[in-house]
Amino acid sequence: RLPDETIAFVVTSGMDQLKPAFDGSSLGQLWNNPGVQAFYAQTRDAIVARIQQEIAKSDDKGAKVLISLLPKLAEEIIQCPVAVGFVEVPAENSTEMPFGIMVIVEAGKRKEKIQPLIDQFETLVGKDAILDKTLGDATLRTIKDSGDVPVVWGWYRDFFVLMVNNGSGDW
């Protein structure tokens, strides 16, 4: 049973298994159309350029590295079985973001590729800025002063867990 606050919940077996079926579907054929791919590439490039402009204004050197890590991390994660849930977060618990996201990745053999990216992120944030909390057999991490939108991440065996804005701050 999912919590009442659940907005959406999606599970995939990973792109290795999904891609052939997706490519054969009508949506996959549309997605693979050269015109759609050109539109996607143009839109993606415009969004990335805008993000880079905003980062340049802020003089946040670490943000440039973080932005470069996210596509690499996403590329590894989508190859794995993944469960993603979206939950409503009451406005009094999060003025910045009215929803929370939980991602559980069954990393398996890809853990060796995902962990170095997580290490780079943690180095960027700074070990002194990260707080660890043990929950049963798992150690989850968060940024000590993460503001209104807390981010929590960690490993439970071969499962990578990421929570963004769990609302109450309890974890």
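**Exercise 1. The lining of the largest pocket**

Task: In this predicted model, determine which classes of residue make up the lining of the largest pocket, and which elements supply that lining.

Solution.
Step 1. Sorted by class, the lining holds 20 nonpolar residues and two polar ones, with no charged residues.
Step 2. The pocket itself has a volume of about 530 Å³. Its lining comprises 22 residues, of which Leu70, Leu73, Ala74, Ile77 and Leu162 are the closest to the centre.
Step 3. At least two lining residues come from each of helix H4 (61-77), strand S2 (82-88), helix H5 (111-125), strand S6 (151-156) and strand S7 (159-164).
Step 4. H4 provides the largest share, six residues.

**Exercise 2. The overall arrangement**

Task: Establish how many helices and strands the protein has, in what order the elements run, and what part of its residues is buried.

Solution.
Step 1. There are five helices and seven strands.
Step 2. Read from the N terminus, the order is β-α-α-α-α-β-β-α-β-β-β-β.
Step 3. Of the 171 residues in the protein, 25% are buried.
Step 4. The exposed surface amounts to about 11300 Å², and 59% of it is supplied by carbon and sulfur atoms.
Step 5. For contacts between residues at least 6 apart in sequence, 51% join residues at least 24 apart.

**Exercise 3. Strand S5**

Task: Classify arginine 141 as buried or exposed, and identify the side chains with which its side chain makes polar contacts. Then treat threonine 142 in a similar manner.

Solution.
Step 1. Arginine 141 belongs to strand S5, which spans residues 138-143.
Step 2. Its relative accessibility is 18%; because the limit for a buried residue is under 20%, arginine 141 counts as buried.
Step 3. The side chain of arginine 141 makes a polar contact with the side chain of glutamate 122 at 2.7 Å, and another with the side chain of aspartate 132 at 2.5 Å.
Step 4. Threonine 142 is also located in strand S5. With a relative accessibility of 6%, threonine 142 is buried.
Step 5. A polar atom of the threonine 142 side chain lies 2.7 Å from the backbone oxygen of valine 151.

**Exercise 4. The loop between S6 and S7**

Task: Compare the accessibility classes of arginine 157 and aspartate 158, and describe the backbone of arginine 157 and the contacts of aspartate 158.

Solution.
Step 1. Arginine 157 is placed in the loop between S6 and S7, and aspartate 158 is found in that loop too.
Step 2. Arginine 157 has a relative accessible area of 59% and is therefore exposed, the threshold being over 50%. Aspartate 158, at 38%, counts as partly exposed.
Step 3. The phi angle of arginine 157 is near 55°, a positive value in a residue other than glycine.
Step 4. With neighbours within four places in sequence set aside, aspartate 158 is in contact with Val105, Glu106, Ala107, Gly108 and Lys111.
Step 5. Aspartate 158 and arginine 110 are 48 residues apart along the chain, and their C-alpha atoms are separated by 9.1 Å.

**Exercise 5. Pairs separated in sequence**

Task: For threonine 6 and phenylalanine 86, and for valine 89 and phenylalanine 99, state the separation along the chain and in space. Give also the accessibility class of threonine 6 and of valine 89.

Solution.
Step 1. Threonine 6 lies in strand S1, residues 6-12. At 23% relative accessibility, threonine 6 is partly exposed.
Step 2. Although their positions lie 80 residues apart along the chain, the C-alpha atoms of threonine 6 and phenylalanine 86 are separated by 5.9 Å.
Step 3. Not counting residues up to four places away in sequence, threonine 6 touches Phe86 and Val87.
Step 4. Valine 89 is in the loop between S2 and strand S3 (99-106). Valine 89 counts as buried, at 4% relative accessibility.
Step 5. Valine 89 and phenylalanine 99 are ten residues apart in sequence, with a C-alpha to C-alpha distance of 4.8 Å.

**Exercise 6. Tryptophan 31**

Task: Locate tryptophan 31, assign its accessibility class and list its contacts beyond four places in sequence.

Solution.
Step 1. Tryptophan 31 is part of helix H2, residues 26-31.
Step 2. Its relative accessible area of 35% makes tryptophan 31 partly exposed.
Step 3. Apart from neighbours within four places in sequence, tryptophan 31 is in contact with Phe22, Val36, Gln37 and Tyr40.

How values were computed. Residues are numbered from 1 along each chain as its sequence is written. This is a predicted model: local features need pLDDT of at least 70, side-chain atom pairs count only at pLDDT 80 or more; totals for chains, interfaces and linings use all residues. Side-chain values use heavy atoms; hydrogens and water are left out. Helices (H or I, at least four residues) and strands (E, at least two) are DSSP runs, numbered from the N terminus. Buried means under 20% relative accessible area, exposed over 50%, partly exposed in between (1.4 Å probe, protein chains only). A polar contact is a pair of N or O atoms within 3.5 Å; within protein, one must be able to donate a hydrogen and the other to accept it, and residues adjacent in sequence count only if both atoms are side-chain atoms. Contact means heavy atoms within 4.5 Å. Accessible areas come from the Shrake-Rupley method with a 1.4 Å probe; for residues, only the protein chains shown count as cover. On a 1 Å grid over the protein atoms alone, a cavity is a set of points where a 1.4 Å probe fits but cannot get out, and a pocket is an open set with protein on both sides within 12 Å along at least five of seven lines; lining residues have an atom within 4 Å of a point. Grid points are joined across faces, edges and corners, and a volume is the space filled by probe spheres set on the points. Ala, Val, Leu, Ile, Met, Phe, Trp, Tyr, Cys and Pro count as nonpolar, Asp, Glu, Lys and Arg as charged, and the others, Gly among them, as polar.
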